[in-house]
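Please open the structure in your viewer and keep the selection tool at hand. The tour proceeds stop by stop, naming what to select and then what is found there.

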Amino acid sequence: MFVFILPLSKHVCYTKTVKYRYNLCKEGDDMSNKTLAFAEALQDSPVISAVKNDAGLEKALSSDCTVLFILYGTILNISQLVQRAKKSGKIVFVHIDLIEGLSSKDISIDFIQQNTDADGIISTRINQIRHAKQLGFLTIQRFFLLDSLAFENVCRQSTHADAVDILPGTMPRVIERLRKKIRQPIIASGLISDKQDILAALSAGALGVSTTSEPLWFA
C-alpha cells in the first residue's frame with residue numbers, strides 16, 4: 001500500500017491511498033501512452049472540472065484541474081469550446097451524449113474527431129465507446145448505478161472503455177466493490193458536494209472525482 005500526497009492548490013492537499021494497480025496496457029503504443037498520461041494527470045490532480053456552461057468553463061480554465069469534462073455545447077460551438085480548453089493545457093473530454101445536434105450514431109464521433117482537438121469521449125453508449133477507441137480517442141463509459149443490476153452491467157459492459165464513470169459518486173463501499181471487479185480506473189461523479197466526498201471516493205479506489213461544484217475545483 002502506497003500513500004501519495006496529491007496537491008490541488010497552494011493550501012490544500014488530498015492524501016490518496018492507492019490500493020490497486022491499474023491495468024493501463026492498451027492496443028498500440030500510442031494509445032498506451034495516452035492512457036498512461038491520463039492516469040498520471042489524475043494521480044497528480046484527481047479532481048476533474050465538469051463544466052456545463054460558458055461561465056463554468058471560464059472558471060475551470062483558471063483552476064488547477066488538469067482534466068476537464070465538457071458537458072454542454074452544440075455542433076456549432078463545440079470546436080471553439082474544446083479549443084479554449086486545450087489552449088489552457090487541459091486534457092479535454094467531450095460528453096458526446098450531451099452535445100446538441102449529435103445523435104447516437106457513430107458519425108457523431110467522426111464529427112468530433114474531424115472538427116475538434118478533444119482528447120477523449122464520454123458516453124453511456126457502447127457503440128460510441130467502441131468507435132471512439134477505433135479512432136484513437138481516450139474513452140470513458142458512464143454508468144448510473146441505480147441497483148444491483150446496474151452494478152452487474154458495469155462489470156459486463158465496461159470492457160471496451162479506458163475508464164468508467166459512475167454516478168452517483170458518493171458510494172464509497174460500492175466503489176470499493178467495483179474496483180475489485182473491473183480492471184479500468186474508476187471516476188466518481190454526481191452528488192459530490194464537499195471535500196469529504198472526494199476523500200471518500202479516492203480512498204475507496206477511485207482514480208478521479210468529477211464535479212460541477214466550482215468551489216471544489218479550487219479547494
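Begin with Ile48 and Ser210: the bridge partner of Ile48 in strand S10 is Ser210. Residues are numbered from 1 along each chain as its sequence is written, and side-chain values use heavy atoms, with hydrogens and water left out. The model is predicted: local features need pLDDT of at least 70 and side-chain atom pairs count only at pLDDT 80 or more, while totals for chains, interfaces and linings use all residues. Helices (H or I, at least four residues) and strands (E, at least two) are DSSP runs, numbered from the N terminus.

**The barrel**

Select S3 together with S10; these strands run parallel and are joined by 3 bridges. Two strands pair if DSSP finds at least two bridges between them. Next add S9, which pairs with S10 in the parallel sense over 3 bridges. Ser189 stands opposite Ser210 in S10.

Now select S10 alone (residues 208-211). Gly208 and Ser210 point one way from this strand, Val209 and Thr211 point the other way, and all are buried; buried means under 20% relative accessible area, exposed over 50%, and partly exposed in between (1.4 Å probe, protein chains only).

Return to S3 (residues 47-51) and add S4 (residues 67-70): 3 bridges join these parallel strands. Here Ser49 stands opposite Leu68 in S4. Then display the full set, S3-S4-S5-S6-S7-S8-S9-S10, which is a closed barrel of 8 strands with parallel pairing. From one strand to the next, the twist averages 25°.

**The aromatic cluster**

Which residues form one aromatic cluster? Select Phe38, Phe69 and Phe93 to see this cluster. Rings of Phe, Tyr and Trp (its six-membered ring) pair if their centres lie within 6.5 Å; planes under 30 degrees apart count as stacked, over 60 as edge-to-face and the rest as tilted.

The structure holds 2 aromatic pairs. Phe38 and Phe93 make a tilted pair, with 5.0 Å centre to centre and 50° between the planes. Phe38 lies in helix H1 (residues 29-44) and Phe93 in strand S5 (residues 91-95), so this pair ties together parts that are 55 residues apart in sequence. The pair of Phe69 and Phe93 is edge-to-face, because the ring centres are 5.6 Å apart and the planes stand at 70°. Phe69 lies in strand S4 and Phe93 in strand S5, so the parts tied together here are 24 residues apart in sequence. Both Phe69 and Phe93 are buried, and Phe38 is buried as well.

**Helices around the strands**

Select H5 with S6 (120-123) and S7 (138-144): H5 lies across these strands and runs at about 165° to S7. Axes are lines fitted to C-alpha atoms, for helices over the stretch in contact, and angles run from 0 to 180 degrees between N-to-C directions. Helix H7 (residues 172-179) also packs on the sheet, where H7 touches S8 (163-167) and S9 (186-189). The direction of H7 makes about 160° with that of S9.

Finally, add helix H6 (residues 148-157), whose axis comes within 11 Å of that of H7 and crosses at roughly 35°. Phe151, Val154 and Cys155 of H6 make the contact with Val174, Arg177 and Leu178 of H7; contact means heavy atoms within 4.5 Å.
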